[in-house]
Amino acid sequence: MAAEREPGTGDRASLQVPKRLLDAVGDDPAEPVRSWLAALPELAARRLLEWELTPERVVAPGGRGGLVVLVRQADGTPAALKLPVPRPGAAHEAAALAHWNGWGAARLLRAGQDDGVLLIERLQSAVSLRSLPEAKALLEAAGTVRRLWVPAPAEHPFDSVEGRTGAAAEVLPVLASGVWAADVRPLADEALELRSGLTAQPPERLLLHGDFRQGKVLAGERAPWLAVGPAPVVGERAYDLARLVLDRCEDLAAGPGPAAAARRRIAKLADSLDVDRDRLRGWALFRAVEAGLRYGAAGDRRRAELLLEFAGWL
């Protein structure tokens, strides 16, 4: 698929959709997603023209949540144009980035009110925390996520941790009764019980990234590391940190004593950010089980088994 700018606005630019994105949304039955994919060339061309942007290249392999094009603004300043896949809550990314205003995250430069397109400060898309040794990556990740944990605006559109995990909890028993049957049900039951206790009396309500992991932290110019791609939610820090606990779990699985290593990771992250260890362990187990069952339902048996094994270590 290709899109090109209107005559007189710059050089012709081929905006090929990366295979990873096509694989992620190509079979999506949702009509908004299919319509978005069909309209993507026109949408990209229109934003390039209206915002006076010169495209350089599409970020590849890119992510599964949208198309990202590296561009130059009219004054020559580099930026990144993000055309997000239409999903529930997709518009909240702009609200979170605007609230952080560059503190710990990429700075939002412009946002399309009708199509959700974002113009964002350009970071080094090929250099994330995953390029660092694990110990160094976790240290830098902790320093970055700490900056994001700020009070949410008085009037905000974001979901709560209770609401987001409540929706997940409703489908967890159905997913657990699938391919693994009884083998997975005890873990699913434990995850649901932990979630119920954790949401009964949340200790704090802060704006969270929602999907914070090493691959979502990129090298920048004005700061060494900045977060991108939030799925913002309001709640406690332990929920946000739990996703980081699961990061690179394949490395732990390949090493000696993975269960002990997983518990040490929780202790180290909790202590470095003054988060309760038990609450972090609970959210890490819930998020591991939820993600594992969803991967299993999607047919990714290898990833599903790894995450469920990780949950068992906790």
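One cavity of 30 Å³ or more is present in the structure. A cavity here is a set of points, on a 1 Å grid over the protein atoms alone, where a 1.4 Å probe fits but cannot get out. The model is predicted, so local features need pLDDT of at least 70 and side-chain atom pairs count only at pLDDT 80 or more, while totals for chains, interfaces and linings use all residues. Residues are numbered from 1 along each chain as its sequence is written, and side-chain values use heavy atoms, with hydrogens and water left out.

The largest cavity encloses about 30 Å³ of space, a volume being the space filled by probe spheres set on the points. Its lining consists of Val161, Glu162, Thr199, Pro202, Gly235, Glu236 and Trp283; lining residues have an atom within 4 Å of a point. Three of these residues are nonpolar, two are polar and two are charged. Gly counts as polar and Glu as charged in this scheme.

An open sheet of five strands follows the order S1-S2-S3-S5-S4, with antiparallel pairing. Strands are DSSP runs (E, at least two residues), and two strands pair if DSSP finds at least two bridges between them. Strands S1 (54–58) and S4 (108–111) stand at the edges with a single partner strand each, so one side of each has no neighbour in the sheet. Neighbouring strands are turned by 30 degrees against each other on average, direction ignored. S1 and strand S2 (residues 66–72) run antiparallel and are joined by four bridges. Val58 stands opposite Val69 in S2.

Terms used
On a 1 Å grid over the protein atoms alone, a cavity is a set of points where a 1.4 Å probe fits but cannot get out, and a pocket is an open set with protein on both sides within 12 Å along at least five of seven lines; lining residues have an atom within 4 Å of a point. Axes are lines fitted to C-alpha atoms, for helices over the stretch in contact, and angles run from 0 to 180 degrees between N-to-C directions.
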